[in-house]
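Please open the structure in a viewer and keep the sequence at hand. The tour below proceeds by selection, from the whole chain to single residues.

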Amino acid sequence: MARTKTITNDAILAAARAIFLDKGFSASTRAIAQYAGVSEGLLFQRYPTKSELFFAAMIPPPWSHRRDPEADFEPSLHKLALDLLGYFRASAPILLQLTTHPDFRFDQFAAAHPQSALVSLRGDLVRFFAANKAADPSGASLVLITSLHGMAMMEKLGAFGGRFPDDFVQRAIGCIWQAVRPTAENVKLAPIEERIP
């Protein structure tokens, strides 16, 4: 008697991710099952709907950043920004597919995947800015995320031949620094209570 082939959920999700990245959400579950070497029935046993399979497969890769706690704020921000831009460049294909899905809602995704980088990244950045005494850690986090994500998306659209020149990136990070750096004026602002996940 032949043994039933077992396949892990990770292997199924890797196959689904490859197909969804290539074909988008319109990819058929039949193509995903064939690529994974399983039946469509098995896919639907593990993931009852195509949307559930899609959202499970398209979780962005983990975010990590090593920082030197002894480093000054400005060089720390520059290193963090370059790491974050690299992350957004690498994860852009997944983020594009994920955020353009008609059923994507950030709050629902965050509740279902609380450990995903889309959820943890903001908290990490708020903590970074709070530790460096930025006047508005939440606002600074938003400026950094949206600026660097926007740059990565512009590159995907073909700006500067698909990659901003390094000096342009450094100038943009310099502008972010000017926006978030502590100054005599902004240290007088009342502290903002933050709820960090």
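The stops that follow begin with the overall fold and then turn to a helix, a pocket and several individual residues.

**The whole chain**

Begin with the full chain in a cartoon representation, bearing in mind that this is a predicted model. The protein contains 9 helices and 0 strands, and the pattern read along the sequence is α-α-α-α-α-α-α-α-α. Turn the C-alpha trace along its principal axes, where it spans about 75 × 40 × 30 Å.

Next, display the surface. About 11,600 Å² of the protein is exposed, and carbon and sulfur atoms supply 56% of that area. Of the 197 residues, 41% count as buried. Among contacts with a separation of 6 or more, 70% join residues 24 or more positions apart.

Colouring by charge gives another view of the chain. There are 21 positive and 19 negative side chains, and the centres of these two sets lie 7 Å apart.

**Helix α4**

Select residues 50-57, which form helix α4. Is this helix enclosed or open to the outside? It is largely enclosed by the rest of the structure, because 6 of its 8 residues are buried. To see them, show the side chains of Ser51, Leu53, Phe54, Phe55, Ala56 and Ala57, the buried residues of α4.

Now add the surrounding helices to the selection. The buried residues of α4 pack against α1 (9-23), α2 (29-36) and α3 (40-46), among others. Further along the chain, α5 (73-100) and α6 (106-112) are also packing partners of these buried residues.

**The largest pocket**

Move next to the largest pocket, which holds about 430 Å³ of space. Its lining consists of 19 residues. Select Phe106, Leu118, Leu121, Arg122 and Ile145 to find the lining residues that lie nearest the centre of the pocket.

Which helix gives the most to this lining? Helix α8 does, with 7 residues. The helices α5, α6, α7 (117-131) and α8 (137-156) each supply at least two residues of the lining.

**His149**

Stay with helix α8 and select His149, which is found there. The relative accessible area of His149 is 27%, so this residue counts as partly exposed. Leaving aside neighbours within four places in sequence, His149 is in contact with Phe88 and Leu95. Add Arg89 to the view: His149 and Arg89 are 60 residues apart along the chain, and their C-alpha atoms are separated by 8.1 Å.

**Two loop residues with positive phi**

Proceed to the loop between α7 and α8, where Lys133 lies. Lys133 is not a glycine, although its phi is positive, at about 60 degrees. With a relative accessibility of 64%, Lys133 counts as exposed.

Then go to the loop between α8 and α9 (166-180) and select Phe160. Phe160 is likewise a residue other than glycine with a positive phi, here near 55 degrees. Is the residue buried or exposed? Phe160 is exposed, with a relative accessible area of 51%, and the cut-off for that class is over 50%.

**Val38**

The last stop is Val38, in the loop between α2 and α3. Its relative accessible area is 18%; as buried means under 20%, Val38 counts as buried. Show Ile7, Ala33 and Leu43, which Val38 touches when residues up to four places away in sequence are not counted. Finally, add Ile12 to the selection. Val38 and Ile12 are 26 residues apart along the chain, with 8.6 Å between their C-alpha atoms.

Definitions and conventions. Residues are numbered from 1 along each chain as its sequence is written. This is a predicted model: local features need pLDDT of at least 70, side-chain atom pairs count only at pLDDT 80 or more; totals for chains, interfaces and linings use all residues. Side-chain values use heavy atoms; hydrogens and water are left out. Helices (H or I, at least four residues) and strands (E, at least two) are DSSP runs, numbered from the N terminus. Buried means under 20% relative accessible area, exposed over 50%, partly exposed in between (1.4 Å probe, protein chains only). Contact means heavy atoms within 4.5 Å. Accessible areas come from the Shrake-Rupley method with a 1.4 Å probe; for residues, only the protein chains shown count as cover. Lys and Arg count as positive and Asp and Glu as negative; His and the chain ends are not counted. The place of a charge is taken as NZ of Lys, CZ of Arg, CG of Asp or CD of Glu. On a 1 Å grid over the protein atoms alone, a cavity is a set of points where a 1.4 Å probe fits but cannot get out, and a pocket is an open set with protein on both sides within 12 Å along at least five of seven lines; lining residues have an atom within 4 Å of a point. Grid points are joined across faces, edges and corners, and a volume is the space filled by probe spheres set on the points.
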